[in-house]
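Trainee: Could you walk me through this model, one feature at a time? I would like to learn how to read each of them.

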Amino acid sequence: MSWGTELWDQFDNLEKHTQWGIDILEKYIKFVKERTDIELSYAKQLRNLSKKYQPKKNSKEEEEYKYTACKAFLSTLNEMNDYAGQHEVISENMTSQITVDLMRYVQELKQERKSNFHDGRKAQQHIETCWKQLESSKRRFERDCKEADRAQQYFEKMDADINVTKADVEKARQQAQLRHQMAEDSKADYSSILQRFNQEQWEYYHTHIPNIFQKIQEMEERRIVRIGESMKTYAEVDRQVIPIIGKCLDGIVKAAESIDQKNDSQLVVEAYKSGFEPPGDIEFEDYTQPMKRTVSENSLSSSKEGKSELRFGGKSRGKLWPFIKKNKLSLKLGATPEDFSNLPPEQRRKKLQQKVDDLNKEIQKETDQRDAITKMKDVYLKNPQMGDPTSLDHKLAEVTQNIERLRLETQKFEAWLAEVEGRLPARSEQARRQSGMYDGQTHQTVTNCAQDRESSPDGSYTEEQSQESELKVLATDFDDEFDDEEPLPAIGTCKALYTFEGQNEGTISVVEGEMLSVIEEDKGDGWTRIRRNEDEEGYVPTSYVEVYLDKNAKGAKTYI
């Protein structure tokens with residue numbers, strides 16, 4: 001089956017059909033483009049939806065996500081965010097693999113179609129020109145033949161007429177012969193043009209047109225194959241993201257299965273447990289007895305004492321309700337005590353513990369900063385050309401002051417925490433002697449803080465907690481002195497980029513290209529501590545070496 005033989009006379013219809021095929025291809029391109037726009041819009045809406053329901057940072061809503069149901073919901077939001085990303089992938093792949101590719105192909109197809117039909121029209125014009133030449137020679141031959149017949153008839157008429165002179169007859173005879181010669185020439189010309197036209201016509205219908213129509217047929221078949229391949233790609237783009245979308249859905253199912261109602265119930269207990277015991281039975285007050293009225297009048301003071309006992313977590317038979325009303329009033333007025341004494345014992349303990357943990361983190365941060373400044377000052381002392389060591393005194397004093405302030409603050413909150421937990425051991429004379437110079441400061445500071453609130457009857461917990469913290473600090477410093485004597489483990493290796501002459505104390509000389517062990521990374525002072533052969537160690541400028549830290553080593557950090 002070939003369009004060149006079967007459709008040799010359907011040039012115009014083929015031209016319309018191929019244009020329709022291009023229109024269909026452009027329509028499919030438009031369809032895919034609109035699909036990509038829908039995918040992008042859908043992905044954007046999913047992301048906005050996920051973002052809308054994400055917990056806000058540093059808000060009460062974020063605290064609610066400690067429950068397993070809320071965690072599962074948060075996981076669902078994250079999975080939906082990934083789910084949206086897959087729809088973005090669909091849009092990107094359809095654009096790059098279908099839309100852009102087909103748009104370029106359509107331009108090439110239009111150009112090829114234009115070229116083929118231009119060749120077809122050119123062949124048509126040539127055969128039409130040949131046909132016109134044939135018709136023209138035919139009419140000329142016909143005219144010459146008629147003229148020759150008339151000339152012959154006129155000659156015969158003149159020859160039969162006896163009144164005509166011989167000269168006129170001869171002239172008519174010559175004219176007839178001329179016309180016959182012209183007719184013969186026209187006949188020969190017509191015959192030649194006819195043969196040439198038949199040859200051109202045969203080549204037109206059996207060679208030129210079949211070849212041109214064959215190219216058009218191949219072009220159209222390529223278009224059909226291309227649109228079929230694009231439809232397969234359209235499906236494959238969707239199919240490729242199905243496993244990832246399945247993982248997203250599996251993640252949502254896994255998150256749903258991780259919900260633990262018992263755990264959430266326990267979290268509710270931990271969040272709202274007051275630590276109080278239920279109130280005891282209310283005694284009957286007999287107003288018929290005069291003596292009982294006197295006791296009844298003192299019940300208010302007894303209730304007040306009960307409230308004071310409840311405030312410190314003691315077992316009291318007083319009513320719970322006055323304590324709760326007092327808390328609500330203080331919350332309305334915005335007066336939250338520093339020691340959280342407005343909270344129930346259990347909640348107060350959690351707040352105090354959280355405060356102590358936060359203060360310890362701040363102390364550690366300030367301590368690291370102090371160590372870095374001290375090391376930098378030592379470097380400046382050994383290498384004055386690198387900087388003025390006295391320029392760091394103000395910053396070092398400020399950091400030291402902050403550490404001392406944070407430690408005193410920590411001791412204060414630890415004292416309150418010890419009060420709540422009921423872990424106040426008796427303070428011994430030996431502990432007083434070990435507290436040293438910190439005893440007076442911490443005792444004075446914590447005692448002043450304790451006077452701002454209600455305290456236990458003996459009031460001895462503040463000093464004892466201060467002494468306990470001092471003992472911890474002294475013990476930590478004592479242990480650190482012995483830890484420095486132990487060889488530090490290697491946390492990675494390094495390669496010397498340049499030669500360094502370690503002439504100052506604490507430094508070590510290295511040669512370019514030498515491999516050494518890293519035992520302490522740069523803490524911001526520009527120096528790295530290295531070791532050679534387990535017996536020689538010291539500091540080198542960080543810029544002189546290329547460090548390769550071991551990710552599994554303790555304390556090692558990852559640099560990208």
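Trainee: Let me start in the sheet: which residue in β3 does S517 stand opposite?

Mentor: S517 stands opposite R531. Please keep in mind that this is a predicted model. As for the general idea, strands of a sheet pair through backbone hydrogen bonds, either parallel or antiparallel. Here, strand β2 (residues 515-520) and strand β3 (residues 527-532) pair in the antiparallel sense, over 3 bridges.

Trainee: In what order do the strands of the open sheet come?

Mentor: The order is β4-β3-β2-β1-β5, with 5 strands and antiparallel pairing. At the edges you find β4 (536-541) and β5 (545-549), each of which pairs on one side only. From one strand to the next, the twist averages 40 degrees.

Trainee: How many bridges join β1 to β2, and how many join β1 to β5?

Mentor: Between β1 and β2 there are 4 bridges, and these strands run antiparallel. One residue to look up is G492, whose bridge partner in β2 is V518. On the β5 side, 5 bridges join the strands, again running antiparallel. There, A496 of β1 has V545 as its bridge partner in β5.

Trainee: Which side chains of strand β1 point to one face, and which to the other?

Mentor: In a regular strand the side chains alternate between the two faces of the sheet. Strand β1 (residues 492-496) follows that alternation: G492, C494 and A496 point to one face and are buried. T493 and K495 point to the other face and are not buried.

Trainee: Now to the helices. At what angle do α2 and α4 pack?

Mentor: Two packed helices are described by the angle between their axes and the distance between the axes. For helix α2 (residues 11-52) and helix α4 (residues 68-160), the angle is about 165 degrees and the axes are 8 Å apart. Angles over 145 degrees count as roughly antiparallel, so α2 and α4 are roughly antiparallel to each other. Their crossing is left-handed. Sorted by class, the contact of α2 with α4 has 24 nonpolar, 13 polar and 10 charged residues.

Trainee: How many aromatic pairs does a search of the whole structure find?

Mentor: The search finds 13 aromatic pairs. Take F11 and F117: their ring centres are 5.4 Å apart and their planes are at 80 degrees, so the pair is edge-to-face. This pair links distant parts of the chain, with F11 in helix α2 and F117 in helix α4, 106 residues apart.

Trainee: Are those two rings' residues, F11 and F117, buried or exposed?

Mentor: F11 counts as buried because its relative accessibility is 5%. F117 also counts as buried, at 2% relative accessibility. For another geometry, look at F141 and Y190: with ring centres 5.8 Å apart and planes at 5 degrees, the pair is stacked. F141 lies in helix α4 and Y190 in helix α5 (residues 166-257), so this pair ties together parts that are 49 residues apart in sequence.

Trainee: Which residues form one aromatic cluster?

Mentor: Y498, F500, W527 and Y544 form one.

Trainee: One last residue, please: where is E404 found?

Mentor: E404 is found in helix α11 (residues 393-421). Its relative accessibility is 22%, so E404 counts as partly exposed. You can also locate E404 relative to I363, which is 41 residues apart from it along the chain: their C-alpha atoms are separated by 8.8 Å.

Note on methods
Residues numbered from 1 in each chain as written. Predicted model: local features only at pLDDT ≥ 70, side-chain atom pairs only at ≥ 80, totals over all residues. Heavy atoms only, no water. Helix = DSSP H or I, 4+ residues; strand = E, 2+ residues; numbered from the N terminus. Buried < 20%, exposed > 50% of the residue type's maximum accessible area, 1.4 Å probe, protein only. Pairing = 2+ DSSP bridges. Axes fitted to C-alpha atoms, helices over the stretch in contact; angles between N-to-C directions. Parallel < 35°, antiparallel > 145°, perpendicular 65-115°, else oblique. Left-handed = near helix turned anticlockwise from the far one by under 90°. Nonpolar A, V, L, I, M, F, W, Y, C, P; charged D, E, K, R; others polar. Phe/Tyr/Trp six-rings, centres within 6.5 Å; stacked < 30°, edge-to-face > 60°.
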